[in-house]
Amino acid sequence: MSLFWRIFLLNAVVLIMATALLLGPVTVSTPVLLTEAAVLTGGLGVMLIANGLLLRIGLVPLQRLTRAMTTIDLLRPAERPAVGGRGEVAELITTFNAMLDRLEAERATSAARALSAQESERHRIAQELHDEVGQSLTAVLLELNQAAGHAPPSLREDLHQVRETTRTSLDEIRRIARRLRPGVLEELGLTSALKALTNEFTGATLVVHHRISADLPPLEAETELVLYRVAQEGLTNVARHAAARRAELALTRSPAGVELRVRDDGRGLGDAAEGAGIRGMRERALLIGAELDLGSAPGGGTDVRLTVPVSHRSQ
């Protein structure tokens, strides 16, 4: 029986009982006697309690659905609200769950297209930096070397300084191109790419250690790219925002697949809202069915954990 008919029938019973009392042999004295007031009050209390219980039982599933609607996040898949109640209530919860499934599938599809376009654009920009800007600066560097050899001593020192500035700019452009397009990932594999990534972020103020298991299962190219990008974004956040002195990148085998962790000893997340970088990591995790968790490291700092399931076919 639907919620509408249950509430309607209970209220109809209440009204019928009240009408029967008024039309029946029950009379009320003037002034009302104490026993008569007690009987009327008791009857009213019973009807109100019965009506309240029915409404409470019938609306509990709707309250659970309301809580789910206010806390749902498409970037953090969670359990669906349990289908409870009867009639329209159960149908509403079922429809809401189906809507969530459709929205998550559509978001995953659109995110996959957007990230694929982003990777293509990164590849194009890196190629142009390497082929156009890099080669132009290399030519400038060679001309500066030649000019410094023929310049008078008074200008030679200035030309040397310009040459070093040009060489530094060329190295920076190559570093940016490597970040945009991780060629080492395509050529040497994920393990070498992650080791190179830790070396790239290691500097005077930050030391990054790596711990990569040797028994990793075979991974698809898309999974390797997601692991690399999440590690890259995690280390970028450490270098820019954490004020950390030490960080660790670990890639180990787990019972379900592989687990990537990026930990540091910095200031931690605090109450800061998630930025575009973290949301980007969550979207990448959804593409491969992985789970991303951000929390506090044991000794302070931030702990980023990406758990990637690996199918038996991949292994």
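Student: Let me start with E259: does it count as buried or exposed, and how do you know?

Tutor: E259 has a relative accessible area of 18%. Buried means under 20%, so E259 counts as buried. Keep in mind that this is a predicted model.

Student: What makes R305 and E259 a salt bridge?

Tutor: Their side chains meet at 3.8 Å, N to O. A salt bridge needs a side-chain nitrogen of Lys or Arg within 4 Å of a carboxyl oxygen of Asp or Glu, so the pair of R305 and E259 qualifies. R305 lies in strand 5 (residues 302-309) and E259 in strand 3 (residues 257-264), so the pair ties together parts that are 46 residues apart in sequence. R305 itself is partly exposed, at a relative accessible area of 29%.

Student: Which residues are joined into one network by salt bridges that share partners?

Tutor: Those are R163, E164 and R167. Within it, the closest N and O atoms of R163 and E164 are 3.9 Å apart, and the cut-off is 4 Å, so R163 and E164 form a salt bridge.

Student: Are R163 and E164 buried or partly exposed?

Tutor: R163 has a relative accessible area of 18%, which is under 20% and therefore buried. E164 has 39%, a value between the limits of 20% and 50%, so E164 is called partly exposed.

Student: How many salt bridges does the whole structure have, and how far apart are N and O in the one between E128 and R124?

Tutor: The search finds seven. In the salt bridge of E128 and R124, N and O are 2.8 Å apart, and this is within the 4 Å that the term asks for. The two are four residues apart in helix 3 (residues 88-150), so about one helical turn separates them. E128 is partly exposed, with a relative accessible area of 39%, and R124 is also partly exposed, at 39%.

Student: How do you know whether the length of helix 4 fits what is expected?

Tutor: Helix 4 (residues 153-180) has 28 residues and reaches 41 Å from its first C-alpha to its last. The expected value at 1.5 Å a residue is 40 Å, so the two are close. Its buried residues are L159, R163, T166, L170, I173, A177 and L180.

Student: And what does the check say for helix 7?

Tutor: With 22 residues at 1.5 Å each, helix 7 should span 32 Å. Its end C-alpha atoms are 30 Å apart, which agrees. After helix 7 comes A243, with a positive phi near 55°.

Student: What makes a set of residues a nonpolar core, and which residues have the most contacts inside the largest one?

Tutor: The residues must be buried, nonpolar ones joined through side-chain atoms within 4.5 Å. The largest core has 35 residues, and L190, L194, L227, L251, L260 and L306 have the most contacts inside it. Elements giving two or more residues to this core include helix 6 (190-201), strand 1 (207-212) and strand 2 (246-253). Helix 7 gives the most, with eight residues. In soluble globular proteins, nonpolar side chains tend to be buried together.

Student: Which residues does L190 touch, leaving aside its neighbours within four places in sequence?

Tutor: L190 is in contact with L185, L219, E224, L227, Y228 and L251. Apart from the largest core, a second, separate core has seven residues, among them L129, L137, I173 and A177.

Student: Where is G266 found, and is it buried or exposed?

Tutor: G266 is in the loop between strand 3 and helix 8. Its relative accessible area is 15%, under the 20% limit, so G266 is buried. Beyond its neighbours within four places in sequence, G266 is in contact with A242, A243, A244, G300 and G301. G266 and V238 are 28 residues apart in sequence, with their C-alpha atoms 7.6 Å apart in space.

Student: Which residues make the nonpolar surface patch, and what lets W5 belong to it?

Tutor: W5, F8 and L9 make this patch of about 300 Å². W5, in helix 1 (residues 3-23), has a relative accessible area of 44%. A patch residue needs over 30%, so W5 passes that limit.

Methods. Residues are numbered from 1 along each chain as its sequence is written. This is a predicted model: local features need pLDDT of at least 70, side-chain atom pairs count only at pLDDT 80 or more; totals for chains, interfaces and linings use all residues. Side-chain values use heavy atoms; hydrogens and water are left out. Buried means under 20% relative accessible area, exposed over 50%, partly exposed in between (1.4 Å probe, protein chains only). Patches are made of residues with over 30% relative accessible area and no salt bridge: like charges are joined within 9 Å, nonpolar side chains (Val, Leu, Ile, Met, Phe, Trp, Tyr) within 5 Å. Accessible areas come from the Shrake-Rupley method with a 1.4 Å probe; for residues, only the protein chains shown count as cover. Contact means heavy atoms within 4.5 Å.
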